[in-house]
Amino acid sequence: MAHLNQPLIVTFLSILLCLAAVDPSLALQKPSNQNQTMTYIESSCQGTRFPDLCIRCLARFSNSTIDGPQHLAHIALSVSLLRALKTRAYLLKVAKELEGFKNDRVYLTVQDCVMQLNDSVDQLCQSIKELRRINKSTIIDDNLLWHISNVETWVSTALTDASYCVQSFPGTKMSKRTATIKFKAQNVAEVTSNALNLFHRYASSYHVAARATMKP
């Protein structure tokens, strides 16, 4: 019985650990001008690779106050993390169902995708924690730029891992379950791509300021 519940236990513990990285203030409903916040979300999302998806994911936060590019990037990364956690939980469920076919190509591919999504979850957790460290810094120096580089690297890696899972299911002729796996992994990749773009926009101001301070 313990073996049967192990994937569920692992998922539950991962969710607890990762949700600890998400700022509780993201869920608070603060007084705001909903139209103004929605306009800001739509404007920010236009620069992403998947703007419609970006707007849909962030629209639920339009009732809250979004305090600029940093807060928006934090929200986007948190959304990406939650999508990755849900997709990994689904993959673990599918892998459990396919345990009787361990030599089947689909089973092996799903297991590989679980590993990729594990990495994505870990990288996104780390990036959110690192973003908090950036927020606490008031001096633009090499240490701050190092933290920014860490976030960019970890989110990029999370995107690569999710994209690898998608590419593991080439073509369009596949079972309903396989198509669902590919769709969910693709969604994680696209949401993470948008989050990375929004973080780049936030970090760009630091890069510009750093170059200005380094001028002789």
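Contact here means heavy atoms within 4.5 Å. I needed that before reading off how the chain is wired: among contacts between residues at least 6 apart in sequence, 77% join residues at least 24 apart. I note at the outset that the model is predicted.

**Entry 1. Overall make-up**

I looked up the secondary structure and found seven helices and zero strands in the chain. Read from the N terminus on, the elements run α-α-α-α-α-α-α. I then looked up burial, and buried residues make up 44% of the 216 residues in the chain.

**Entry 2. α2 against α3**

I took helix α2, residues 34-45, and helix α3, residues 51-58, as a pair. Their axes come within 9 Å and cross at roughly 150°. Angles over 145 degrees count as roughly antiparallel, and α2 and α3 are therefore roughly antiparallel to each other. I also checked the hand of the crossing: α2 passes α3 in a right-handed one.

Which residues make the contact? On the α2 side I listed Met 38, Ile 41, Glu 42 and Cys 45. On the α3 side I listed Pro 51, Cys 54, Ile 55 and Leu 58. Sorted by class, the contact of α2 with α3 has seven nonpolar residues, no polar ones and one charged.

**Entry 3. α2 against α4**

I next set α2 beside α4, whose axes come within 12 Å and cross at roughly 75°. The range for roughly perpendicular is 65 to 115 degrees, so α2 and α4 are described as roughly perpendicular to each other.

From α2, I found Tyr 40, Ile 41 and Ser 44 meeting Gly 68, Pro 69 and Leu 72 of α4. That contact divides into four nonpolar, two polar and no charged residues. I noted that Ile 41 is listed in the contact with α3 and also in the contact with α4.

**Entry 4. α4 by itself**

I checked the length of helix α4, residues 68-97. At 1.5 Å a residue, its 30 residues should span 44 Å, and the end C-alpha atoms are 44 Å apart, which agrees.

Why do I call α4 largely enclosed by the rest of the structure? I call it that because 21 of its 30 residues are buried.

**Entry 5. Thr 87**

I picked Thr 87 as a residue to follow within helix α4. Its relative accessible area is 6%. The cut-off for buried is under 20%, so Thr 87 is buried.

What does Thr 87 touch, leaving aside its neighbours within four places in sequence? I found contacts with Leu 117, Lys 184, Ala 185 and Val 188. I also looked up Phe 183, which is 96 residues from Thr 87 along the chain, with their C-alpha atoms separated by 9.8 Å.

**Entry 6. Thr 37**

I went back to helix α2 for Thr 37. Is Thr 37 buried or exposed? At 9% relative accessibility, Thr 37 counts as buried. I compared its position with that of Ala 59: the two are 22 residues apart in sequence and 8.9 Å apart in space, C-alpha to C-alpha.

**Entry 7. Asp 122**

I found Asp 122 in helix α5, residues 105-135. Its relative accessibility is 43%, so Asp 122 counts as partly exposed. I then looked up Trp 154, which lies 32 residues from Asp 122 in sequence and 8.8 Å from it in space, C-alpha to C-alpha.

**Entry 8. Gln 186**

My last residue was Gln 186, in helix α7, residues 176-214. At 29% relative accessibility, Gln 186 counts as partly exposed. I looked up Tyr 164 as its partner: the sequence separation from Gln 186 is 22 residues, and the C-alpha to C-alpha distance is 9.6 Å.

How values were computed. Residues are numbered from 1 along each chain as its sequence is written. This is a predicted model: local features need pLDDT of at least 70, side-chain atom pairs count only at pLDDT 80 or more; totals for chains, interfaces and linings use all residues. Side-chain values use heavy atoms; hydrogens and water are left out. Axes are lines fitted to C-alpha atoms, for helices over the stretch in contact, and angles run from 0 to 180 degrees between N-to-C directions. Helices (H or I, at least four residues) and strands (E, at least two) are DSSP runs, numbered from the N terminus. Angles under 35 degrees count as roughly parallel, over 145 as roughly antiparallel, 65 to 115 as roughly perpendicular and the rest as oblique. A crossing is left-handed if the near helix is turned anticlockwise from the far one by less than a right angle, and right-handed if clockwise. Ala, Val, Leu, Ile, Met, Phe, Trp, Tyr, Cys and Pro count as nonpolar, Asp, Glu, Lys and Arg as charged, and the others, Gly among them, as polar. The expected span of a helix is 1.5 Å times one less than its number of residues. Buried means under 20% relative accessible area, exposed over 50%, partly exposed in between (1.4 Å probe, protein chains only).
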